[in-house]
Amino acid sequence: MGSVGLEAYLTVGAILFVCGVVCMATKRNAIGVLMGVELVLNGANINFVAFSRFTPLGLDGQSFALFVVVLAAAEAAVALAIALNFYNNHTTIDVDRGNELHG
Amino acid sequence: MIEQLLFWVFAILTCGAAVAVVATQNVVRMAFWLIVSLGSVSALFFLLHADFLGAAQLLIYVGGTVVLLVFGVMLTASGPSVLIKTSPAEAFVGAGVGLLLLCVLLFSVTSVEWNDIESRLPTRNASPAVVDSRRSASAEVGVVDAAGSPELGAAAKSQAALMARTQAGRTVRQLGLGFLGLRPDRDLRSDGTRNSPANGNLASGYLLPFEIVSIHLLVVLVGAAYLARAKRRAAVGSSADL
């Protein structure tokens with residue numbers, strides 16, 4: 001039996017990506033939407049690192065994945081601050097209630 | 001063979017936990033399944049020979065981002081909190097699993113020959129590039145024998161050397177040098193030629209993105225702290241006060 005190939009890792013990345021997109025689209029809790037975003041970014045990271053390992057991409061894939069991890073953490077912080085403000089203003093975290101533009 | 005087994009275990013964990021994140025209705029359980037999924041992704045990174053990235057994934061995602069998400073869940077909880085008690089059966093199972101983990105750790109600690117580390121370190125007088133090219137030359141012979149093709153250009157040899165070095169899993173130094181702007185994996189080749197400013201084809205590193213991301217992190221954290229500062233919560237039905 002051969003060792004694990006590139007397509008297997010790409011499949012895992014694709015499944016993570018799809019789960020993240022479905023989570024973003026269907027969850028009503030704003031924190032749930034943020035978890036979907038994290039899943040999407042991790043799916044992309046697996047793609048990056050798999051290509052870094054199996055093709056001559058080399059260290060560029062891992063550097064990109066590191067940047068993605070750092071930027072995702074920063075974005076999660078800001079998104080949570082926005083979600084907290086939304087909760088403080090509306091006393092609910094349901095994204096379906098955010099349908100008015102004035103505060 | 002063990003790599004296949006480990007891959008399948010962690011791949012199924014990752015995908016199963018991701019599906020569970022989508023399927024669960026309770027947001028706290030979603031956070032738990034997200035922890036499982038991200039930890040398994042970190043294990044997949046280690047299987048892909050990205051050791052620094054795997055450790056960084058565990059530190060930043062599991063140790064930081066998910067904790068932040070759980071804070072957010074707790075701060076925006078709408079229902080009354082429920083009293084949680086651990087049943088004796090669950091405590092027993094938890095203690096059993098903890099004992100098993102302790103046995104695994106003790107076994108791995110006692111079965112390694114710690115005194116033989118000295119002989120496996122690279123020699124101090126040789127420069128890292130020479131030592132790496134010597135090691136990668138032997139790995140490259142293995143690659144040539146496996147591929148069986150008689151004509152390997154210089155580019156293919158350098159790619160084989162690069163992959164041999166990356167396959168060793170020691171990516172911390174090369175990643176760090178890349179973030180400082182130096183790319184020895186592109187600039188130094190095993191056949192002795194190298195890029196230089198005189199040649200004009202020095203590979204660019206990641207110094208500028210590194211600095212940009214550092215400033216970005218600072219700005220984002222200050223901004224998030226300001227955005228999420230404690231304010232008076234708007235009470236429902238008190239619009240007459242405004």
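Is F17(A) buried, partly exposed or exposed? Select F17(A) in this predicted model: the residue is partly exposed, with a relative accessible area of 39%.

**Stop 1: the patch around F17(A)**

F17(A) sits in helix α1 of chain A, which covers residues 6-26. Add V18(A), V21(A), V22(A) and M24(A) to the selection; together with F17(A) they make up a nonpolar surface patch with about 370 Å² of accessible area.

**Stop 2: a salt bridge within chain A**

Next, select R28(A) and D94(A), whose side chains form a salt bridge with an N to O distance of 2.5 Å. R28(A) belongs to the loop between α1 and α2 (30-54) of chain A, whereas D94(A) belongs to the segment after α3 (59-90), so the pair ties together parts that are 66 residues apart in sequence. The two partners may also be viewed by their exposure: D94(A) counts as buried at 11% relative accessibility, while R28(A) is partly exposed at 47%. Over all chains, the structure holds 2 salt bridges.

**Stop 3: a salt bridge between the chains**

Now select D60(A) and R183(B). Their side chains meet in a salt bridge at 2.9 Å, N to O. D60(A) lies in helix α3 of chain A and R183(B) in the loop between α8 and α9 of chain B, so this pair joins two chains. Both D60(A) and R183(B) are buried. Side chains of opposite charge can pair when their charged atoms come close. Between chain B and chain A the count is 1 salt bridge.

**Stop 4: the whole interface**

Widen the selection to every residue in the contact: 65 residues come from chain B and 58 residues from chain A. About 5,700 Å² is buried between the two chains, and carbon and sulfur atoms give 75% of that area. To find where chain B loses the most area to chain A, highlight L48(B), Y61(B) and T76(B), which together account for 12% of what that side buries.

For polar detail, the interface has 8 residue pairs in polar contact, both residues of each pair being at pLDDT 80 or more. Colouring chain B by element shows which parts give two or more residues to the side that touches chain A; among them are α1 (2-23), α2 (27-47), α7 (154-167) and α10 (207-227). The largest share of that side, 12 residues, comes from α3(B).

**Stop 5: T65(B) in helix α3**

Remain on α3 of chain B, which spans residues 51-75, and select T65(B) within this helix. Which residues does T65(B) touch, not counting those up to four places away in sequence? They are E38(A), A73(A) and A76(A) from chain A, and I60(B) from chain B. T65(B) is buried, with a relative accessible area of 3%. For a distance within the chain, select Q25(B) as well: the C-alpha atoms of T65(B) and Q25(B) are separated by 20 Å, although the two residues are 40 residues apart along the chain.

**Stop 6: chain B as a whole**

Finally, show chain B alone as a cartoon. Its secondary structure comes to 10 helices and 0 strands. Of the 242 residues in chain B, 27% are buried. Among contacts in chain B with a separation of 6 or more, 50% come from residues 24 or more positions apart. With a surface drawn, chain B exposes about 16,100 Å², of which carbon and sulfur atoms supply 69%.

Notes
Residues numbered from 1 in each chain as written. Chains lettered and ligands numbered in written order. Predicted model: local features only at pLDDT ≥ 70, side-chain atom pairs only at ≥ 80, totals over all residues. Heavy atoms only, no water. Patch = residues over 30% accessible without salt bridge, like charges linked within 9 Å, V, L, I, M, F, W, Y side chains within 5 Å. Areas by Shrake-Rupley, 256 points an atom, 1.4 Å probe, with all protein chains shown as cover. Salt bridge = Lys/Arg side-chain N within 4 Å of Asp/Glu carboxyl O. Helix = DSSP H or I, 4+ residues; strand = E, 2+ residues; numbered from the N terminus. Buried < 20%, exposed > 50% of the residue type's maximum accessible area, 1.4 Å probe, protein only. Contact = heavy atoms within 4.5 Å. Buried area = accessible area lost by both parts, 1.4 Å probe. Polar contact = N/O pair within 3.5 Å; in protein donor to acceptor, adjacent residues only side chain to side chain.
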